[in-house]
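Visitor: I'd like to go through this one with you and ask how each label is earned. Could you bring it up?

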Amino acid sequence: MSGATTWVTAPNNSALISAVGNNWAEFVIVEQNMESITLKRQQRPNTIQYFTGRFGGFNFRSGTTQSFTIEQDGELISGFAGRGGLTQGFKSGASLIVHPPATINTMTNSGTIRTKTLIYGTINTLEQRGGLINDLDIQNGGKINTLNLSGGSIPTLSISSRGTLNTLTISGGSLVNLNINADGSLNTLTVSGGTFSNLNLNGGSLGHINGSGTIQNLNLNNFSIRLASTASVWNDAKDTDYTKKEHLYVDSTGPTITNINGSVVVSLAQGGERDKTYNYNSIVTNSKGNGKFNSRNVLAAPGLNIIHNRDGGTGFSLSPDVTTSYGAAILKNITLSFMRRATMTQNILDSMTTKSFRANYKAEQDTEYKMLKDDMARLTNRSSKYSKQQKRDQKQLDKMRDKLAKNTLRQSKGVNLTKGYNTYELIDQLDRMFISYERERNTRAFILPYGAHSTTLGDSTSTTTEWAGGAIVGIQKNLQGKGVFGGYLGYEFSNLDNKLTATNINIQTNSLQVGANLFKTYPFSSKPAEWYVKSSLHTSLEMPHLSFVALGATQDFKPLAYSLGADVRGGITHFFVRKNSYISPEIGLSYDMLSLDGFRIESTNESYGRHFWHFPQLMASVKYYKSWKNTFKTSVTIGAKYNILHNLNKASFSYAGNNDTAVIPLPPLYANLDLSAIWVLQKNSELSLNYTGVFFAGFSSQASSGVSTAFSLRFAHWF
């Protein structure tokens, strides 16, 4: 058996397993029903050699084992998965693994398990009578019904991820650390002897504690209780129903708690009272020893405000506070993600909604000049034939003559001294340098994939990190003198992690965006410049998937959100003829509305209705564009946006039947920086690499500040 994987296949369904001399068997695989398995050291018949009970590990994969015993000389050594061990379900570092659906009715240990023991299946009774179980971990739905520690040592016992230990009895030996982690549960803890150093409550569930022994340290980390009784009833509780989880329940004959470290999180449930005093000393029923609660280790759950040291310092009171709630964090995170996406998309598309087709002002003016002359001739002839309309037509004719005179004057102004171009011809020539296509093209299509990262800092208790990726596709049509009309469709997936004091909120969002835009330019007649207006309409559907742990219970739901918005902007483009560049300052006004479905957080009794938040914003920016060669160009844009209603949007909720409404502060100021490097490819195509940075700042302790960075690649083609 030395150095090999062994399958237990004893005909009588029992095995006395040993290895010869100083050798040890690497792994034993159990895949059938067994009456008993015993690891021990014994002398070989008629020899001076001994069988040792030393093994690398045991893997119970299926079947029921009635008795598994590790005697004093038995030992599970390393758990190192050499050779074929990994393929049989072992994990490096685990000496004993019980997989579902395997069951061990009784396991008795007096020997040594040096490395990790993983319980995914079931052990009905585990007797630790001596020796060592170094690291016992019950997780992923694993279960031990009864664990009796009467001798030896268990340095670490952990319960997590739907793991369950029904009854733990400590009558002797030593337990250094008992960790009850999130989604782990221990129903009954009895401490009547031995040494119990640390009871670590890390967000899981503990039923009640009894026995006459001592717990040296009660260490609390996100452990919570819910106040479901009136203050008078709760303060008088001695022996209460622990399943209500209103107290850290200790029997009247229960153990002494020497020290209490960390904090307990208290919340209101249906039946609890707001603004009433709950006593610190009643958190632990029948408490003994020096371990006491006070204002330093009692915290309010999200969604509640706590007032300490009421009634002479004896207790605390709670009241709803929507600004600290899980839902407010969710609303704020979805809103900041939406505003980041809207601002970034607008900035990325800015080059799409600026000048993308040549103006051809000279041809337009010549056409208009001819049409005016034709109209004048038509009106003159008509006036002579129909005398009844002469007065009305004469007024229209006078207007036409004024317009013709102004048109002729515009064409005669702005003559370039060196080239002999008038203003319109000069802008037409510059357009050929800045806009990359041959001959006349009236349609452009583009595709723009991008990736983004965002970091948001709230107050000292909140930090948010978001990763996003998506693509935008669109098309634009040159309507000649009526402007350029375009539309786009976008998709984005984002993953957001918000680290709060009480929990971490994960939001994964699929977002669909649709929009249309219009761009129109108007030339100045006396200088190489033009002014322009642009506007857009856009809407989006946000599909967030939220998951987080609230008061020890996992929450998972998918509310929908949608938005609708519009903006209008105007600016001036001034051309630097000798530098092959232009600068465009602009100002504008935008409006967005975001609506989020109502939702409910069951574990905290929080209910939220549908929320409508409104974002009118003032905008200003300046863009500098330069053509270095006929095949390479660069662009720099700096802008700012002011959120007018940054401190007026409110959130409302009901917490265990108690209502509260408050303002949720949002960043008032956004700044953006956009950089583009543009290469002209083959005829009528260009490729650009773009950086978009969005910086937002909050000027209050509750408003968030942060930065979002995006890189995109844009391919555009004229046809």
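Guide: Here it is, a predicted model. Let's start with the second largest cavity, which holds about 330 Å³ of space.

Visitor: What makes that space a cavity rather than a pocket?

Guide: A 1.4 Å probe fits in a cavity but cannot get out, whereas a pocket is an open set, so the term here means a closed space. The structure holds 7 cavities of 30 Å³ or more.

Visitor: Which residues sit closest to the centre of the second largest one?

Guide: A342, T345, Q346, Y488 and H538, out of 25 lining residues. Helix α3 gives the most to that lining, with 7 residues. Strands β32, β33, β35, β36 and β39 each supply at least two.

Visitor: How many of the lining residues are nonpolar, polar and charged?

Guide: There are 6 nonpolar, 13 polar and 6 charged ones.

Visitor: Where else does α3 turn up, say against strands?

Guide: Helix α3 (residues 326-348) lies across β37, β38 and β41, at about 35 degrees to β38.

Visitor: Why do β38 and β41 count as paired?

Guide: Pairing takes at least two bridges, and 2 bridges join β38 to β41, so the pair meets the cut-off. The two run antiparallel, and S607 stands opposite S654 in β41.

Visitor: What makes the sheet they belong to an open one?

Guide: Its order is β37-β38-β41-β42, with antiparallel pairing. β37 and β42 stand at the edges with a single partner strand each, so one side of each has no neighbour in the sheet. Neighbouring strands are turned by 20 degrees against each other on average, direction ignored.

Note on methods:
Residues numbered from 1 in each chain as written. Predicted model: local features only at pLDDT ≥ 70, side-chain atom pairs only at ≥ 80, totals over all residues. Heavy atoms only, no water. Helix = DSSP H or I, 4+ residues; strand = E, 2+ residues; numbered from the N terminus. Axes fitted to C-alpha atoms, helices over the stretch in contact; angles between N-to-C directions. Contact = heavy atoms within 4.5 Å. 1 Å grid on protein atoms, 1.4 Å probe; cavity = no way out; pocket = protein on both sides within 12 Å on 5 of 7 lines; lining within 4 Å. Points joined across faces, edges and corners; volume = space filled by probe spheres on them. Nonpolar A, V, L, I, M, F, W, Y, C, P; charged D, E, K, R; others polar.
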